[in-house]
Amino acid sequence: MSESAGRKAVLAAFFANLAIAITKFFAAFISGSAAMLAEAVHSVADTLNQLLLLAGAKRAKKAPDKDHPFGYGRVRYLYAFVVAVVLFSVGGVFSIFEGISKFREPHTIEMWWIPIVVLVVAIIIESFSIRVAIRESRPLKGDKSWWEFVKTSKSPELPVVLFEDAAALVGLVFALFGVGLTVITGNGLFDAVATILIGLLLIVVAMVLVIEVSSLLVGEGANEKDLSAIEAAFLNTRGVDRIIHMKTLYMGPDEMMVGAKISISAEKKVREVAAIINVAEAKVRSAVPHAKTIYVEPDVWRDPTEIPLTEEIVLLSSD
């Protein structure tokens, strides 16, 4: 579900940004507005970013192989990280340099009505794009706030598109004010200031995305809800006395690995132990469907403060 929703949001953003980029470049060329040029480059960066997200989603579907036995699911995190870097370098840094250049040599805007019309149209199109992203995100967001959704989402596409579209709308407002004030006052410094503000906005958004996606790249475990469900699935399996320890790790947005050591009665036979483990795994997958890779180690619980069992002492002394 997250992959399908993410793809719809990315495609909507791609076509919107492509159309906006073309019109912005035309308006920037005709009017000479630095803010409009910064917005055009911003839209190009966003368009390239959507292509990267789509490419990452496609590559993530590759089947596991010898070199990557757990598959390519985390490739989506890598491509999302590259998106943040592109947004920072191509969008943010370029806009700041362009703004500083125009600040040193300000000039008035020619054919002022063209950039204003283009900016208004761009705001309308960008609003449609972010509306799609919000609509596709709502079923996954649930009762969380939007910030909590971005912080906890394991699917990188929707948070990236939400951030990009929000930044695009704010950037368009900056550009509209910059162009408008330049037209009204005849002072090109307003256009330059708007351009610098757009660059700073993109850099801030890029840094937030870098921080969030970096956490996914390093490796995140299950959230509290899924963790509780997994623990309950193990403990509700007849024959499982307790969970000695357990770890989880997302191998991709829709695939989680679970490793657990569980305590089973020492009186159980091997066949009984195997049956208990199989039932426990089935219950975990039923409770948390994206827990697709599960490794369970049976053991016999004992208090770690106590003296080791006799059998263990014999084994250790024979080494």
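Which residue forms a salt bridge with aspartate 299? In this predicted model, the partner is lysine 261, and the closest N and O atoms of the two sit 3.4 Å apart. The pair ties together parts of the chain that are distant in sequence: aspartate 299 belongs to strand E3 (residues 293-299) and lysine 261 to strand E2 (residues 255-264), with their positions 38 residues apart. The two ends of this bridge don't share a label when it comes to accessibility. Aspartate 299 counts as partly exposed because its relative accessibility is 28%, while lysine 261 counts as buried because its value is 17%; the cut-off for buried is under 20%.

Salt bridges turn up elsewhere too, and the structure holds nine of them. The general idea is simple enough: side chains of opposite charge can pair when their charged atoms come close. Some of these bridges share partners, and in that way Arg76, Glu157 and Asp254 are joined into one network.

Another bridge brings together the side chains of glutamate 212 and lysine 151, at 3.5 Å from N to O. Here again distant parts of the chain are linked, since glutamate 212 is in helix H7 (residues 189-218) and lysine 151 is in helix H5 (residues 146-152), 61 residues away in sequence. Glutamate 212 is buried, at a relative accessible area of 14%, and lysine 151 is partly exposed, at 40%. Then there's the bridge between glutamate 136 and arginine 135, where the closest N and O atoms are also 3.5 Å apart. Glutamate 136 is a buried residue, with 12% relative accessibility, whereas arginine 135 comes out as partly exposed, at 48%.

Next come the empty spaces. Rolling a probe the size of a water molecule over the atoms shows where empty space is left. Searching the whole structure turns up one cavity of 30 Å³ or more, and the largest cavity holds about 90 Å³ of space. Both partners of one salt bridge described above, Lys151 and Glu212, help to line this cavity, and the lining also includes Val150, Pro156, Leu209, Val213 and Glu220. Three elements give two or more residues to the lining, namely H5, helix H6 (157-185) and H7. Of these, H7 gives the most, with four residues. Sorted by class, the lining has seven nonpolar residues, two polar ones and three charged ones.

The structure also has pockets, and the second largest of them contains about 290 Å³ of space. Its lining is made of 19 residues, of which Ala60, Gly73, Asp254, Glu255 and Lys292 are the closest to the centre of the pocket. Asp254 has already come up, as a member of the salt-bridge network with Arg76 and Glu157. The lining of this second largest pocket breaks down into eight nonpolar, four polar and seven charged residues.

Now for the nonpolar cores. The largest one has 39 residues, and the members that touch the most others are Leu53, Val161, Val205 and Leu209. At least two residues come from each of helix H1 (2-31), helix H2 (34-59), helix H3 (75-104), helix H4 (113-141), H5, H6 and H7. H6 is the element that gives the most, with nine residues. Leaving aside residues up to four places away in sequence, valine 161 touches Ala9, Val10, Ala13, Gln50, Leu53 and Ala133. A separate core has 23 residues, with Leu216, Val240, Ile262 and Val284 among them. Leu209 of the largest core and Leu216 of this other core are both among the residues that line the largest cavity.

Two residues of helix H1 round off the picture. Phenylalanine 25 is found in this helix and counts as partly exposed, at 38% relative accessibility. Not counting residues up to four places away in sequence, phenylalanine 25 touches Leu37, Ala40, Val41 and Val44. One of these, valine 41, is 16 residues along the chain from phenylalanine 25, and their C-alpha atoms are separated by 8.2 Å. Alanine 27 lies in helix H1 as well, and with 0% relative accessibility it counts as buried. With the same exclusion of residues up to four places away, alanine 27 touches Gly32, Met36, Ile114, Pro115 and Val118. Far along the chain from alanine 27 is valine 284: the two are 257 residues apart in sequence and 57 Å apart in space, C-alpha to C-alpha.

Technical notes
Residues are numbered from 1 along each chain as its sequence is written. This is a predicted model: local features need pLDDT of at least 70, side-chain atom pairs count only at pLDDT 80 or more; totals for chains, interfaces and linings use all residues. Side-chain values use heavy atoms; hydrogens and water are left out. A salt bridge is a side-chain nitrogen of Lys or Arg within 4 Å of a carboxyl oxygen of Asp or Glu. Buried means under 20% relative accessible area, exposed over 50%, partly exposed in between (1.4 Å probe, protein chains only). On a 1 Å grid over the protein atoms alone, a cavity is a set of points where a 1.4 Å probe fits but cannot get out, and a pocket is an open set with protein on both sides within 12 Å along at least five of seven lines; lining residues have an atom within 4 Å of a point. Grid points are joined across faces, edges and corners, and a volume is the space filled by probe spheres set on the points. Ala, Val, Leu, Ile, Met, Phe, Trp, Tyr, Cys and Pro count as nonpolar, Asp, Glu, Lys and Arg as charged, and the others, Gly among them, as polar. A nonpolar core is a set of buried Ala, Val, Leu, Ile, Met, Phe, Trp, Tyr and Cys residues joined through side-chain atoms within 4.5 Å. Contact means heavy atoms within 4.5 Å.
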